[in-house]
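Please look over the structure shown here, with attention to how one helix and one strand sit among their neighbours.

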Amino acid sequence: FSIATAIHTPSALSHATALKLHGLSEQVPRIITCTTTAKIVTPAMRRGESGAKHRVSEWDVEGLRIRFVSVVPSRFFGIEDTWVDTRTRVPVTDRERTVLDLFVDPRGRSGIGKALGILEEHAIRLDVPKLVSYAVRLGVASVGKRLGWALESRGVAPDVLAPLLELQVRSTPLLDPSGPRRGTLITRWKLRDNLPGTTR
C-alpha cells in the first residue's frame with residue numbers, strides 16, 4: 001500500500017482496495033487500486049511496448065499490480081489517512097467516497113448490483129448526508145440520480161435526498177450503464193430503469 005500511494009502524489013487507495021480496508025467487502029482484490037490527480041504514464045508506455053496502450057492505468061512493480069484511476073483535482077476529495085498496520089498509515093478514500101465511486105462507473109460483471117448490495121448490507125455504517133454531499137460535489141448528475149434512487153429505495157428521508165433531486169440531467173441516464181438501453185422511465189429521478197429482476 002505504501003509503494004502504491006508513493007508512485008504518484010497525491011494519490012489514495014480506492015475502489016476495491018478501499019472496500020476491503022473499510023470492511024465493506026469480503027473479496028480480496030488481486031490488484032491494488034489508487035485514485036490520483038496525476039497523468040498516468042506507465043513504464044510499458046515509456047518503452048513503447050506492444051499493447052501498452054491497453055494497460056495505461058496499470059503498473060507492475062516486481063509482481064505487485066497497481067491500477068491507477070485518474071481524476072481532475074476538483075474530484076480528488078473524501079480522503080483520510082488510515083492505519084494499515086501498526087507502523088504504516090496511508091491515504092484511503094473514506095467509506096462514503098468509496099461507496100460513491102461504485103456509482104460513478106458501475107460497469108463490469110456485476111453491473112450496479114454490487115453497489116446496491118453494499119448499500120443494502122452496510123447502509124447503517126454510512127454517513128448518508130455526507131454521501132449525498134459528495135455526490136453533489138462530484139458534479140455528475142447521472143451519478144447523483146442513481147445514488148438518490150438507490151438511497152430512496154432503502155428508506156432514506158426525502159429531505160436528505162433533496163439536493164440529488166435538484167440535479168439537472170440533459171438526457172435520461174440508465175440506472176445500470178452496463179445494461180440494455182431500454183426500460184421504464186423513473187420520472188421522479190429522471191432515470192431509465194433497465195435493471196433485471198434478479199439485480200433488484
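The report below takes up the helix and then the strand.

The model is predicted, and the description that follows should be read with that in mind. Helix H6 spans residues 128-138, and within this helix Val128, Leu131, Val132, Tyr134, Ala135 and Leu138 are buried. These buried residues lie on the same side of H6, because they cover an arc of only 160° around the axis. In general, an α-helix has 3.6 residues a turn, so residues three or four places apart point the same way. Pro129 and Arg137, by contrast, are exposed on the other side of H6. The cover over the buried residues of H6 includes helix H4 (95-104), helix H7 (141-153) and helix H8 (158-165). Just after H6, glycine 139 adopts a positive phi of about 80°.

Strand S2, made up of residues 32-36, is mostly covered, with 5 of its 5 residues buried. Ile32, Cys34 and Thr36 point one way from S2, whereas Thr33 and Thr35 point the other way, and residues of both sets are buried. As a general matter, the side chains in a regular strand alternate between the two faces of the sheet.

The pairings of S2 are set out in the table.

| Partner of S2 | Sense | Bridges |
|---|---|---|
| Strand S1 (residues 11-13) | antiparallel | 3 bridges |
| Strand S4 (residues 64-70) | parallel | 5 bridges |

On the S1 side, leucine 13 stands opposite cysteine 34 in S2, while in S4 serine 70 is the bridge partner of threonine 36.

Definitions and conventions: Residues are numbered from 1 along each chain as its sequence is written. This is a predicted model: local features need pLDDT of at least 70, side-chain atom pairs count only at pLDDT 80 or more; totals for chains, interfaces and linings use all residues. Side-chain values use heavy atoms; hydrogens and water are left out. Buried means under 20% relative accessible area, exposed over 50%, partly exposed in between (1.4 Å probe, protein chains only). Helices (H or I, at least four residues) and strands (E, at least two) are DSSP runs, numbered from the N terminus. The arc is that of the directions from the helix axis to the C-beta atoms. Contact means heavy atoms within 4.5 Å. Two strands pair if DSSP finds at least two bridges between them.
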